[in-house]
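Biologist: Let us go through some labels one by one. I want the reasoning behind each.

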Amino acid sequence: PLEVNPDIVEQATLLLLQDKVVGVCRGFAECGPRALGNRSLLCLPKVELKQKVSMRMKGREWYRPIAPVMLARNALRVTGLDKLPVTSKFMLTQFKILPAFF
């Protein structure tokens with residue numbers, strides 16, 4: 001089970017609110033098309049921060065997709081769906097976000 005240190009969460013939250021990028025490393029490294037949480041770069045969902053992470057920090061092309069993460073209950077709210085597809089758990093699903101959330 002994952003142990004969460006509230007002080008680290010608070011510090012990371014404060015950094016994110018200052019438009020900083022926060023690196024998270026937990027447990028073992030992963031390989032394959034998706035890093036599902038053990039190695040992650042976190043930032044607020046802003047275009048300029050996405051470009052900073054994707055292009056400058058990771059050296060990716062501008063057109064490469066990103067895999068944003070949110071709580072399932074929030075995903076239901078912003079998409080208007082009643083149930084999330086099973087594939088969403090593995091970051092293999094695209095969603096249309098309701099216009100009210102732009």
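Modeller: What follows is a set of short questions on this predicted model.

Biologist: Why is cysteine 25 called exposed?

Modeller: Exposed means over 50% relative accessible area. Cysteine 25 has 72% relative accessibility, so the label is exposed.

Biologist: Why does cysteine 43 count as partly exposed?

Modeller: The partly exposed class lies between under 20% and over 50%. Cysteine 43 has 28% relative accessibility, therefore it is partly exposed.

Biologist: How many disulfides does the search find?

Modeller: Zero, across the whole structure. A pair of cysteine sulfur atoms would have to be within 2.5 Å to count.

Biologist: What makes the phi of aspartate 19 notable?

Modeller: Aspartate 19 has a positive phi of about 60°, yet it is not a glycine. Most residues other than glycine have a negative phi.

Biologist: Where is aspartate 19 found, and in which loop?

Modeller: Aspartate 19 is in the loop between helix H1 (6-17) and strand E1 (22-25). Its relative accessible area is 29%, so aspartate 19 is partly exposed.

Biologist: Why is threonine 79 called buried?

Modeller: Buried means under 20%. Threonine 79 has a relative accessible area of 11%, so it is buried. Its place is in helix H3 (residues 72-79).

Biologist: What does threonine 79 contact, leaving aside neighbours within four places in sequence?

Modeller: Phe95, Lys96, Ile97 and Leu98 are the contacts of threonine 79.

Biologist: How far is the backbone nitrogen of leucine 81 from a polar atom of the threonine 79 side chain?

Modeller: The distance is 3.3 Å. The cut-off for a polar contact is within 3.5 Å.

Note on methods:
Residues numbered from 1 in each chain as written. Predicted model: local features only at pLDDT ≥ 70, side-chain atom pairs only at ≥ 80, totals over all residues. Heavy atoms only, no water. Buried < 20%, exposed > 50% of the residue type's maximum accessible area, 1.4 Å probe, protein only. Helix = DSSP H or I, 4+ residues; strand = E, 2+ residues; numbered from the N terminus. Polar contact = N/O pair within 3.5 Å; in protein donor to acceptor, adjacent residues only side chain to side chain. Contact = heavy atoms within 4.5 Å.
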